[in-house]
Amino acid sequence: MEKIRTNYEKWYSSDDYYWGTKPAGFCDELINLRPVSIAKKVLDIGCGEGKDAVYMAQKGYSVTAFDITKNGIEKAKKLAARNNVTVDAYVDDINTFQVNDTFDIIYSTGTVQYLFDENKYAFFEKIAKITNLNGIVYFNVFVEKPFLQLPPDWDIEEKMWKSGELFCFFSDWKILNINEVIFKDNSGGIPHFHCMDTIICEKVNQDYKF
Ligand SMILES: C[S@@+](CC[C@H](N)C(=O)[O-])C[C@H]1O[C@@H](n2cnc3c(N)ncnc32)[C@H](O)[C@@H]1O
């Protein structure tokens, strides 16, 4: 029997959209930084049911998106069709994904903490390679705070990061925004708190040495 790696497969199995269909606020931030007139290709890592990927496609970008869940990808494709856009959406794993393309905007929200420890370094090395010069990236990750409990819907392969750890992978990039916030969440129906680190930065060197 196939090993269950994420509860999201089940959570995405109903017709309702677990995360809704409205895009996250950071999408407009990225669009303002790299409008479609100067940036074309977008990669969404851990796209879930596709709300952000579909929004970016509606704004005219050429969007590639993947998630580990079959149900999420099916719903992302349905959402794209419903909005008369195309998203190149497929099942893949953040730990091992390969793409034969480069991108002007790469983002991942709520998914980086699924990287296994031994894959972190290779992942960000890959991100540096597939980001076009002057392209931008947006990443966030849940971080551990001793005064916060683990969220009730914490997933099978999720692992808290250390505060500030994400930022260390981008020390050679031009930092456009760095942030750590604690916020209330109601996902899974039980109110709880998260601490999240977020970074937006620009690739300003062609070759990064790690
Ligand atoms: C918090 S949700 C965020 C989904 C989406 N980015 C959004 O904001 O709507 C985390 C996502 O990570 C996906 N995920 C879990 N493990 C993964 C992996 N190893 N590779 C790719 N995606 C994964 C889950 O299926 C889920 O869609």
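For sorting residues, Ala, Val, Leu, Ile, Met, Phe, Trp, Tyr, Cys and Pro count as nonpolar, Asp, Glu, Lys and Arg as charged, and the others, Gly among them, as polar. By that split, the shell around the ligand holds seven nonpolar, seven polar and six charged residues.

This is a predicted model, where local features need pLDDT of at least 70, side-chain atom pairs count only at pLDDT 80 or more, and totals for chains, interfaces and linings use all residues. Residues are numbered from 1 along each chain as its sequence is written, and side-chain values use heavy atoms, with hydrogens and water left out.

So who's around the ligand? There are 20 residues surrounding it, and the closest are Tyr 12, Gly 46, Asp 67, Asp 93 and Ile 94 (a residue is near if one of its heavy atoms lies within 4 Å).

Here are some polar contacts, meaning pairs of N or O atoms within 3.5 Å:

| Residue | Its atom | Ligand atom | Distance |
|---|---|---|---|
| Asp 93 | polar side-chain atom | nitrogen | 2.8 Å |
| Thr 109 | polar backbone atom | nitrogen | 3.0 Å |
| Ile 68 | backbone N or O | nitrogen | 3.4 Å |

On its own the ligand has 590 Å² of accessible area, and the protein covers 96% of that (Shrake-Rupley method, 1.4 Å probe).

Methods
Polar contact = N/O pair within 3.5 Å; in protein donor to acceptor, adjacent residues only side chain to side chain.
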